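User: I'd like to understand the terms used for this protein. Could you take me through them?

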Amino acid sequence: MVRINLALQGGGAHGAFTWGVLDVLLQEPDLEIAAISGTSAGALNGAALKAGFISGGSEAARENLDWLWRQMGALSGPAVTQWMGSWGAGAVAKALEYSLPFMMADMASRMVSPYAYGPFYSHPLTSIAEAFRYDKVCAEDGPQLFVCATNVRTGKARVFTRHEINTDVILASACLPTVFQAVEIEDSKTGRRDAFWDGGYTGNPALWPFFEPHLPDDIMIVNINPIERSETPVTPQQIQSRMNEISFNSSLMSELRAISFAKRLLKRGAVQEGDMKDVNVHMIADDDLMNDLSAATKMVPVPVILSQLKEAGQVAAKTFLNDHKAKLGKESSVDITKMYG
């Protein structure tokens with residue numbers, strides 16, 4: 001049995017890619033998920049997996065993830081799916097991106113505060129977050145779940161785990177400040193209430209919780225924000241999408257650089273073995289597909305796109321297992337010194 005930690009990025013509706021990845025990993029009998037760090041959509045995926053796993057093992061976890069994404073909009077009639085699917089993901093993304101309703105909503109988010117709605121405001125994910133069974137999500141057994149959110153006052157990441165996780169924490173982790181009102185959470189130690197925004201600004205996802213000695217050395221990152229784009233963005237929509245990707249990858253890049261530095265120190269013998277954790281880093285991604293999509297498909301859960309993202313995640317996970325499964329528990333499958341150093 002190989003034990004791994006899962007690091008699940010946030011990225012709105014693109015989190016359906018992670019759904020597909022998890023669907024495959026949960027069917028591997030000799031793979032144990034020891035811990036999950038999730039942000040935004042990654043937190044939703046992590047909570048669904050944990051609650052399902054505690055209820056009935058891997059199969060129940062898969063079923064709970066299916067439930068989650070049905071709630072997010074992964075439903076459409078066969079005729080609609082076939083018709084829109086024939087366009088390809090890129091065509092659907094562009095049609096949505098340049099549609100008048102999306103452009104008007106996008107403009108409104110830059111000009112109108114989410115606080116302007118007064119008593120009519122509600123977070124659209126509230127009903128989903130409330131439906132999680134938090135006695136299962138916070139259980140001591142099963143994978144330990146970490147959820148990251150950004151403290152608005154301090155600008156620092158806060159990672160919640162075990163009994164700290166509740167509806168507000170999940171909503172805070174997925175709180176885009178131009179779209180949703182900040183979520184206030186009380187600190188049980190100080191009694192102070194602080195406002196929180198999306199965890200993607202400070203930990204997308206947070207990797208440092210995995211450095212605890214009781215957790216395995218292998219960190220598998222499910223990446224849904226393209227690290228590289230070959231073409232320079234030129235349209236307002238392309239520029240906005242790339243800014244979004246760079247912003248939400250910055251914390252991950254910083255942590256990977258720190259891991260790369262630690263590995264160099266360990267290799268040179270500059271620090272004693274055991275003083276720093278020598279982690280193995282792995283990544284599952286599909287940058288080609290994500291490069292065809294945009295910020296619009298993150299914000300609007302189009303059923304056909306969610307379906308394609310799930311299928312892409314399944315393919316990417318199977319490809320990873322075929323190419324790199326033998327490295328789990330032994331070495332990294334990502335050369336972070338070369339790629340991120």
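User: What makes strand S3 mostly covered?

Analyst: Buried means under 20% relative accessible area, exposed over 50% and partly exposed in between (1.4 Å probe, protein chains only). In strand S3 (residues 144–151), eight of its eight residues are buried, so the strand is called mostly covered. This is a predicted model, where local features need pLDDT of at least 70, side-chain atom pairs count only at pLDDT 80 or more, and totals for chains, interfaces and linings use all residues. Residues are numbered from 1 along each chain as its sequence is written, and side-chain values use heavy atoms, leaving out hydrogens and water.

User: Why is S3 called a strand?

Analyst: Strands are DSSP runs of E with at least two residues, helices are runs of H or I with at least four, and both are numbered from the N terminus. S3 spans residues 144–151, and the protein has 13 helices and eight strands.

User: How do you know that S3 and S4 pair?

Analyst: Two strands pair if DSSP finds at least two bridges between them. S3 and strand S4 (residues 157–161) have five, so they count as paired, in the antiparallel sense. Phe146 has Thr161 in S4 as its bridge partner. The two strands form a hairpin with five residues between them, and Gly155 in the turn has a positive phi of about 75 degrees.

User: Which way do S2 and S6 run beside S3?

Analyst: Strand S2 (residues 31–38) runs parallel to S3, joined by four bridges, with Ile36 partnered to Leu145 in S3. Strand S6 (residues 193–198) runs antiparallel to S3, over three bridges; here Ala149 has Asp198 in S6 as its partner.
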